[in-house]
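Reader: Before we begin, could you set the structure out in front of us, and then take my questions on it in turn?

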Amino acid sequence: MIGQQHAVTSEEHASGAHFAFTDRWGGVSAAPYDELNLGGAVGDDPEAVRANRERTAKALGLDPAAVVWMNQVHGRDVAVVDGPWHGSGSTAPIPAVDALVTARRGLALAVLTADCTPVLLADPVAGVAGAAHAGRPGLVAGVVPAVVESMTALGADPARIVARLGPSVCGLCYEVPEEMRAEVAKSVPEAWATTRRGTPAVDVTAGVRAQLARAGVEISGQSHICTLESKDHFSYRRERTTGRLASYVWLDAEL
Ligand SMILES: [Zn+2]
């Protein structure tokens, strides 16, 4: 399957904001991480991950050293960054956060997922970008309002923020115990869902949309791909041991 053409889908907004989403093809990782695994903490060969990150950055016209990754832990902490952690090329451990915000144009923020919802945000006028990893725990913890708040503190205006949601498990597939659905719906009623089989489910993306709307951010683009149903995407719930997709957001560097 190497060489398939659809490894990275990218979009340039008229304002100079860029949003990109990978699928699982076009990389060098061996099964069960085949092929384009971009996650560094899932058991894959670190050399393969490095090569995949490099080829993806190049395909997007980015310097691989100008992409900031997170050590995601399903929390609500946000880090404000203006460059790569510890400078480029360092292999020191990176901070545990689930959202990044930057006022540095040209710096790309990356979110890793395999069913969770990647949230990409940009206010091109203020020159502020944000990225968040929202799974069920992050949704409940409030990582989405936290990242919008952090962007606003740097001068972004929620009404101006361009928002994109990447591929994630859909509400018809994300089955959970009844009590868990009730627990999530207590904080985010819009996430209450039912599977195709009629069993309790959570719709994380619907919850993210609602939280963004409450924060004054209108979603203008959302992936309709369900990672669990798509053979072209990594899904933790389908495969357990598997790779991670990446979603990237950045603003054009000033000329
Ligand atoms: Zn689905």
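Author: For what follows on pocket linings, Ala, Val, Leu, Ile, Met, Phe, Trp, Tyr, Cys and Pro count as nonpolar, Asp, Glu, Lys and Arg as charged, and the others, Gly among them, as polar. The model is a predicted one.

Reader: With those classes in mind, how many residues of each class are in the lining of the largest pocket?

Author: The largest pocket has a volume of about 1400 Å³, and 50 residues line it. Gly 40, Arg 53, Trp 69, Met 70 and Leu 112 are the lining residues nearest its centre. Sorted by class, the lining of this pocket comes to 26 nonpolar, 14 polar and 10 charged residues.

Reader: Which element gives the most residues to the lining of the largest pocket?

Author: Two or more lining residues of the largest pocket come from each of helix H1 (46–59), strand E3 (67–68), strand E6 (108–113), helix H2 (136–141) and helix H6 (236–239). With 6 residues, the element that gives the most to this lining is H1.

Reader: Thr 56 is found in helix H1; does it count as buried or exposed?

Author: The C-alpha atoms of Thr 56 and Pro 84 lie 17 Å apart in space, with their positions 28 residues apart in sequence. The relative accessibility of Thr 56 is 2%, and a residue under 20% belongs to the buried class. Thr 56 therefore counts as buried.

Reader: Which elements give two or more residues to the lining of the second largest pocket?

Author: The second largest pocket holds about 150 Å³ of space. Its lining has 12 residues, of which Thr 9, Phe 21, Pro 167, Ser 223 and Ile 225 are the closest to its centre. The elements that supply two or more residues to the lining of the second largest pocket are strand E1 (8–12) and strand E2 (17–22).

Reader: What relative accessible area does Phe 21 have?

Author: Phe 21 is found in strand E2, and it is among the residues closest to the centre of the second largest pocket. This phenylalanine is classed as buried because its relative accessible area is 14%.

Reader: Turning to the metal, what arrangement do the 4 donor atoms make around the zinc ion?

Author: The zinc ion is coordinated by Cys 170 (SG), Cys 173 (SG), Cys 226 (SG) and Glu 229 (OE), at 1.9 to 2.3 Å, and along the chain these donors follow the spacing C-x2-C-x52-C-x2-E. The angles subtended by the 4 donor atoms run from 102 to 116°, whereas a tetrahedral assignment needs all angles between 85 and 135 degrees. The arrangement is therefore tetrahedral.

Reader: Is Glu 229 buried or partly exposed?

Author: Two cysteines that coordinate the zinc ion offer a point of reference: Cys 226 counts as buried at 8% relative accessibility, and Cys 173 counts as buried at 15%. Glu 229 has a relative accessibility of 40%, so its class is partly exposed.

Reader: Where in the backbone is the peptide bond with omega near -5°?

Author: A cis peptide bond with omega of about 5° joins Ala 31 and Pro 32, and Pro 32 lies in the loop between E2 and H1. Glu 35 is also placed in the loop between E2 and H1. The cis bond with omega near -5° runs from Asp 34 to Glu 35.

Key. Residues are numbered from 1 along each chain as its sequence is written. This is a predicted model: local features need pLDDT of at least 70, side-chain atom pairs count only at pLDDT 80 or more; totals for chains, interfaces and linings use all residues. Side-chain values use heavy atoms; hydrogens and water are left out. Donors are N, O and S atoms within 2.8 Å of the metal (3.2 Å for Na, K and Ca); water is not among the atoms, so sites may look incomplete. Four donors count as tetrahedral if all angles lie between 85 and 135 degrees; four count as square planar and six as octahedral if opposite donors are over 155 degrees apart and all others between 65 and 115; anything else is irregular. Buried means under 20% relative accessible area, exposed over 50%, partly exposed in between (1.4 Å probe, protein chains only). On a 1 Å grid over the protein atoms alone, a cavity is a set of points where a 1.4 Å probe fits but cannot get out, and a pocket is an open set with protein on both sides within 12 Å along at least five of seven lines; lining residues have an atom within 4 Å of a point. Grid points are joined across faces, edges and corners, and a volume is the space filled by probe spheres set on the points. Helices (H or I, at least four residues) and strands (E, at least two) are DSSP runs, numbered from the N terminus.
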